[in-house]
Amino acid sequence: MNSGKTKESVPVGKRLPKHIAIIMDGNGRWAKKRGLPRYAGHPAGVEAVRRVVEVCVELQIPTLTLFAFSSENWRRPQKEVNLIMDLFVRSLKKEVRRLNRNQVKLRIIGDRSAFSKRLQKQIEEAEHQTETNKGLLLQVAANYGGRWDITQAAKCVAERVQSGELTLDMIDEEAISQHLSFAGVPEPDLFIRTGGEQRISNFLLWQCAYTELYFTDLLWPDFNRQAMEAALLDFTHRQRRFGRTGEQVQDQTAEAS
Ligand code: IPE
Ligand code: IPE
Ligand code: MG
């Protein structure tokens with residue numbers, strides 16, 4: 001653990017995560033603390049997204065996945081849901097130019113069929129306008145749920161069995177993961193949740209099997225460069241064993257260097 005007494009800087013290169021997933025939580029509480037209605041926290045949350053994307057671009061992190069709206073968030077008051085949807089449309093329109101300037105490729109993951117036609121069109125346009133960018137892959141999870149993801153992958157596999165393309169024996173972890181939302185992209189190395197809760201809230205259930213978890217009490221709109229650097233630094237101190245022993249991992253690291 002970092003004692004906080006010595007100021008360590010974030011190391012660059014291979015010790016940094018290649019994929020970071022974030023549950024951006026605490027917008028409502030941030031607004032209420034300021035005497036504002038809770039939905040006023042969401043535009044402030046967009047500012048934090050910009051800051052975090054900037055840090056990832058600078059540090060050349062290949063992939064960032066942000067949880068923007070869960071499949072359970074439809075249960076919120078209609079007014080808040082409408083405002084979030086409006087903000088989503090406006091942000092997609094507004095941010096494309098900045099994303100292109102930073103070579104960021106945008107991808108929206110989740111069940112978009114529940115969105116308005118207007119929002120679906122906006123999503124397609126933003127993805128299309130950034131698709132040739134070669135820098136950071138920014139995945140925004142909207143109407144996303146980990147259980148939905150696994151269920152839709154299971155359906156795809158079942159269809160392939162039904163059509164005779166696959167036999168039961170051919171169903172392995174690889175066959176399922178091929179049909180998950182971001183097949184082909186390495187699984188997250190680091191998972192960050194702001195807002196103080198220590199739960200996964202139906203985010204990336206399959207993909208986070210071996211992800212390092214990091215929780216902070218900071219509310220999402222307050223999450224800044226310094227907070228991101230603290231999370232990255234913490235990550236660099238973790239030993240990822242993937243079922244092996246600590247000694248095996250140490251030997252492997254020594255051989256590689
Ligand atoms: C996260 O912040 C944003 C969304 C879920 C859309 P919240 O709105 O959940 O904020 P809190 O947790 O109520 O403070
Ligand atoms: C998780 O936050 C979803 C997003 C940040 C989009 P919630 O605020 O919806 O999670 P719970 O309900 O507290 O678990
Ligand atoms: Mg919340």
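## A first look at a chain with two ligands

The largest share of the shell around ligand 2, four residues, is supplied by strand β2, which covers residues 63–70. Welcome to this predicted model, in which a chain of 257 residues is shown with its ligands. For ligand 1, the largest share of the shell is three residues, and helix α1, residues 27–33, provides them. The points below begin with the chain as a whole and then visit each ligand in turn.

**The chain as a whole**

- Eight helices and six strands make up the elements of the chain.
- Reading from the N terminus, you meet these elements in the order β-α-α-β-α-β-α-β-α-α-β-β-α-α.
- The C-alpha trace spans about 60 × 55 × 35 Å along its principal axes.
- A compact globule of 257 residues would have a radius of gyration near 18 Å, so the 19 Å of this chain agrees with that expectation.

**Around ligand 1**

- To find the surroundings of ligand 1, look for Met24, Asp25, Gly26, Asn27, Gly28, Arg29, Arg38, His42, Ala68, Asn73, Arg76 and Ile84.
- By character, this shell divides into three nonpolar, five polar and four charged residues.
- Two side chains reach oxygen atoms of ligand 1 with polar atoms: that of Asp25 at 2.8 Å, and that of Arg29 at 2.7 Å.
- Asn27 takes part through its backbone, where a polar atom is 3.1 Å from an oxygen atom of ligand 1.
- On its own, ligand 1 exposes 380 Å², and the protein buries 87% of that area.
- Ligand 1 takes up the space of the largest pocket.

**Around ligand 2**

- The residues surrounding ligand 2 are Ile23, Met24, Asp25, Phe67, Ala68, Phe69, Ser70, Asn73, Arg76, Arg193, Arg199 and Ser201.
- Sorted by character, they are five nonpolar, three polar and four charged residues.
- Ser201 has a side-chain N or O atom 2.6 Å from an oxygen atom of ligand 2.
- For Arg199, the distance from a side-chain N or O atom to an oxygen atom of ligand 2 is 2.8 Å.
- Arg76 also places a polar side-chain atom 3.2 Å from an oxygen atom of ligand 2.
- Of the 390 Å² of accessible area that ligand 2 has on its own, the protein covers 78%.
- The space that ligand 2 takes is likewise the largest pocket.

**Residues to find in both shells**

- Met24, Asp25, Ala68, Asn73 and Arg76 are among the residues around ligand 1, and these residues are also found around ligand 2.
- Asp25 is a good place to start, with its polar side-chain atom 2.8 Å from an oxygen atom of ligand 1.
- Arg76 is another, with its polar side-chain atom 3.2 Å from an oxygen atom of ligand 2.

Conventions
Residues numbered from 1 in each chain as written. Chains lettered and ligands numbered in written order. Predicted model: local features only at pLDDT ≥ 70, side-chain atom pairs only at ≥ 80, totals over all residues. Heavy atoms only, no water. Near = heavy atom within 4 Å. Polar contact = N/O pair within 3.5 Å; in protein donor to acceptor, adjacent residues only side chain to side chain. Areas by Shrake-Rupley, 256 points an atom, 1.4 Å probe, with all protein chains shown as cover. 1 Å grid on protein atoms, 1.4 Å probe; cavity = no way out; pocket = protein on both sides within 12 Å on 5 of 7 lines; lining within 4 Å. Sits in = over half its atoms within 2 Å of the grid points. Helix = DSSP H or I, 4+ residues; strand = E, 2+ residues; numbered from the N terminus. Nonpolar A, V, L, I, M, F, W, Y, C, P; charged D, E, K, R; others polar. Rg over C-alpha atoms; globule rule 2.2 N^0.38 Å.
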